[in-house]
Amino acid sequence: MAKGLIWATAEDMARNRGKVISLYRQILRRLNSPDLPLNLAARLARKAEVRAIFMLGAEERSIHNIQDLFDTADYALSILNKGEIPKYIQ
């Protein structure tokens with residue numbers, strides 16, 4: 001994301017499309033893992049949360065916020081790969 005200085009351009013958004021789709025699919029796939037201690041209702045609720053986060057993230061135009069969303073998704077995926085559930089910060 002180097003074109004826009006503060007705001008993402010259409011080229012920036014198109015360049016990141018593959019990464020976003022990949023992260024989304026990987027997270028949903030990991031939520032289906034039997035290694036996670038989740039029942040069906042909890043799995044469906046977590047998937048709905050992931051969909052909502054990615055839908056809201058799709059409207060983001062700030063380059064810095066988009067990078068933060070990528071970092072958060074990478075972190076959540078690394079926690080899921082360990083067989084743990086990411087904790088919420090309250």
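Q: What is the mean pLDDT of the protein, and what share of its residues reach 70 or more?
A: The model is predicted. Its mean pLDDT is 86. Of its residues, 91% reach 70 or more. That is on a confidence scale from 0 to 100.

Q: Which elements of the protein have the lowest and the highest mean pLDDT?
A: α1 has the lowest, at 89. Helix α2, residues 40-57, has the highest, at 92.

Q: What makes up the secondary structure of the protein?
A: There are 3 helices and 0 strands. From the N terminus on, the order is α-α-α. The C-alpha trace spans about 45 × 25 × 20 Å along its principal axes.

Q: What does UniProt list for residues 12-80?
A: An unreviewed UniProt entry lists "domain: LYR motif containing" there. Such annotations may be inferred rather than shown by experiment. In the model, residues 12-80 are 81% helix and 0% strand. The C-alpha atoms at the two ends of this stretch are 28 Å apart.

Q: How do you know what span to expect of α3?
A: α3 has 19 residues. The expected span is 1.5 Å times one less than the number of residues. For α3 that comes to 27 Å. Its end C-alpha atoms are 27 Å apart, so the two values agree.

Q: How does the reach of α1 compare with what is expected at 1.5 Å a residue?
A: α1 has 22 residues, and 32 Å is expected. From first C-alpha to last, α1 reaches 31 Å, which is close to that value.

Q: Where is the kink in α1 centred?
A: The kink is centred on Asn16 and comes to about 40 degrees. The angle is taken between axes fitted to the seven residues ending at a residue and the seven starting there. Asn16 is also one of the buried residues of α1.

Q: Which other residues of α1 are called buried, and what do they pack against?
A: Besides Asn16, they are Asp12, Leu23, Ile27, Leu28 and Leu31. The cut-off for buried is under 20% relative accessible area. The buried residues of α1 pack against α2 and α3.

Q: Which residues of α3 are buried, and what covers them?
A: Ile63, Ile66, Phe70, Ala73, Ala76, Leu77, Ile79 and Leu80 are buried. What covers them includes α1.

Q: What makes a set of residues a nonpolar core, and which members of the largest one touch the most others?
A: The members must be buried, nonpolar by the list used, and joined through side-chain atoms within 4.5 Å. The largest core here has 15 residues. Leu23, Ile27, Leu31, Leu36, Leu38, Val50 and Leu80 touch the most other members. α1 and α3 are the elements that give two or more residues to this core. α3 gives the most, with 6 residues. In soluble globular proteins, nonpolar side chains tend to be buried together.

Q: Which residues does Leu36 touch, not counting those up to four places away in sequence?
A: They are Arg30, Leu31, Arg43, Leu80, Gly83, Glu84 and Ile85. Gly83 sits just after α3 and takes a positive phi of about 85 degrees.

Q: Why is Ser33 called buried or exposed?
A: Ser33 has a relative accessible area of 8%. The cut-off for buried is under 20%. Ser33 is therefore buried. It lies in the loop between α1 and α2. Its C-alpha is 9.3 Å from that of Asn81, 48 residues apart along the chain.

Q: Why is Pro34 called buried or exposed?
A: Pro34 comes to 73% relative accessible area. Exposed means over 50%, so Pro34 is exposed. Pro34 is also in the loop between α1 and α2. The C-alpha atoms of Pro34 and Gly83 are separated by 9.0 Å, with their positions 49 residues apart along the chain.

Q: Why is Met55 called buried or exposed?
A: Met55 has a relative accessible area of 60%. That passes the over 50% cut-off, so Met55 is exposed. Met55 lies in helix α2. Its C-alpha is 13 Å from that of Ile66, 11 residues apart along the chain.

Q: What makes His64 count as buried or exposed?
A: His64, in helix α3, has 52% relative accessibility. The cut-off is over 50%, so His64 counts as exposed. The C-alpha atoms of His64 and Leu77 are 20 Å apart.

Q: What share of the protein is buried, and what share of its contacts joins residues 24 or more positions apart?
A: Buried residues make up 27% of the 90 residues. Among contacts with a separation of 6 or more, 64% are between residues 24 or more positions apart.

Technical notes:
Residues are numbered from 1 along each chain as its sequence is written. This is a predicted model: local features need pLDDT of at least 70, side-chain atom pairs count only at pLDDT 80 or more; totals for chains, interfaces and linings use all residues. Side-chain values use heavy atoms; hydrogens and water are left out. Helices (H or I, at least four residues) and strands (E, at least two) are DSSP runs, numbered from the N terminus. Buried means under 20% relative accessible area, exposed over 50%, partly exposed in between (1.4 Å probe, protein chains only). Contact means heavy atoms within 4.5 Å. pLDDT is the predictor's confidence in each residue, from 0 to 100.
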